[in-house]
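Q: Could you walk me through this model, starting with how the strands are arranged? I'd like the cut-offs as we go.

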Amino acid sequence: MTGETQPERTVGTAEPNSADNRSGTRWFPRGFRRLAPSLVLAVGGFFTALGLALLLACHIDDRSIEQDMGTASAEVVEKSYLRTVVRFNTDSGRVYTPPNGVLYPVGLQEGQLVSVEFDRGNPDLVRVAGRNMSVALLPVGSALAVLWAIVLSAYWLTRRTLRA
């Protein structure tokens with residue numbers, strides 16, 4: 001036994017027919033493979049929390065506007081992908097253009113006149129009259145449905161890969 005040599009082991013390689021090579025996961029450490037399904041669910045939970053936070057922010061903005069609401073007729077000055085800017089007269093006669101644009105601008109075009117509701121204490125907070133957070137439910141809900149279709153597929157694949 002003293003003169004025998006042990007076979008050399010190499011780290012990071014797999015035999016051509018080993019289970020690690022067949023599953024396609026030989027490049028990831030075993031600890032990561034074990035955590036992967038949980039990480040996939042955590043990412044899904046994080047983005048779900050962001051979507052729910054967006055809906056909560058819409059609700060808070062609507063409530064702020066409704067507590068001290070002013071109404072005005074506004075002109076759509078600029079329409080871009082990120083915001084829609086309107087110009088309107090406040091109750092005090094001041095012409096105001098909120099720098100962040102108007103809430104719920106779906107369907108507005110430049111030059112269009114639209115009725116708006118705004119918070120008298122904070123005229124930066126303005127929305128199209130008659131619209132509220134319910135306008136945001138469909139896009140956020142749709143995005144979360146697609147997200148979870150992807151997350152659950154990835155979860156299933158990572159769990160399946162671990163069993164292989």
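A: Two strands are taken to pair if DSSP finds at least two bridges between them, and helices (H or I, at least four residues) and strands (E, at least two) are DSSP runs numbered from the N terminus. This is a predicted model, in which local features need pLDDT of at least 70 and side-chain atom pairs count only at pLDDT 80 or more, while totals for chains, interfaces and linings use all residues. Residues are numbered from 1 along each chain as its sequence is written, and side-chain values use heavy atoms, with hydrogens and water left out.

Q: OK, in what order do the five strands sit in the sheet?

A: The order is β3-β2-β1-β4-β5, in an open sheet with antiparallel pairing. The edge strands, each pairing on one side only, are β3 (95-96) and β5 (122-128).

Q: How many bridges join β1 to β2?

A: Five bridges join these antiparallel strands, and V76 stands opposite V86 in β2. A hairpin of four residues makes the connection from β1 to β2.

Q: And which residues face each other between β2 and β3?

A: F88 is opposite Y96 in β3, and N89 is opposite V95 in β3. Strand β2 (residues 84-89) runs antiparallel to β3 and is joined to it by two bridges. Their hairpin has five residues between the strands, and G93 takes a positive phi near 95° there.

Q: Now the other side: is β4 enclosed or open?

A: Strand β4 (residues 113-119) is largely enclosed by the rest of the structure, because five of its seven residues are buried; buried means under 20% relative accessible area, exposed means over 50%, and partly exposed lies in between (1.4 Å probe, protein chains only). β4 pairs with β1 over seven bridges in the antiparallel sense, with G70 opposite F118 in β4. Four bridges pair β4 with β5, again antiparallel, and two residues lie between them in a hairpin. The bridge partner of D119 in β5 is N122.

Q: What does M69 touch beyond its sequence neighbours?

A: Leaving aside neighbours within four places in sequence, M69 is in contact (heavy atoms within 4.5 Å) with E117, F118, R120 and R127. M69 is in strand β1 (residues 69-79) and is partly exposed at 32% relative accessible area. The C-alpha atoms of M69 and E117 are 6.3 Å apart, although the two residues are separated by 48 in sequence.

Q: Changing topic, how many salt bridges are there?

A: The count is six, where a salt bridge is a side-chain nitrogen of Lys or Arg within 4 Å of a carboxyl oxygen of Asp or Glu. The side chains of R127 and E117 form one with an N to O distance of 2.7 Å, which links strand β5 to strand β4 across 10 residues of sequence. Both R127 and E117 are buried, and they belong to a salt-bridge network with D62 and E66.

Q: Which other pair links distant parts of the chain?

A: D91 and R120 meet in a salt bridge at 2.9 Å, N to O. D91 is in the loop between β2 and β3, whereas R120 is in the loop between β4 and β5, 29 residues apart. R120 is partly exposed, with 45% relative accessible area.

Q: What about R83?

A: R83 pairs with E78 in a salt bridge whose closest N and O atoms are 3.9 Å apart. R83 is partly exposed at 32% relative accessible area, and E78 is partly exposed at 32% as well.
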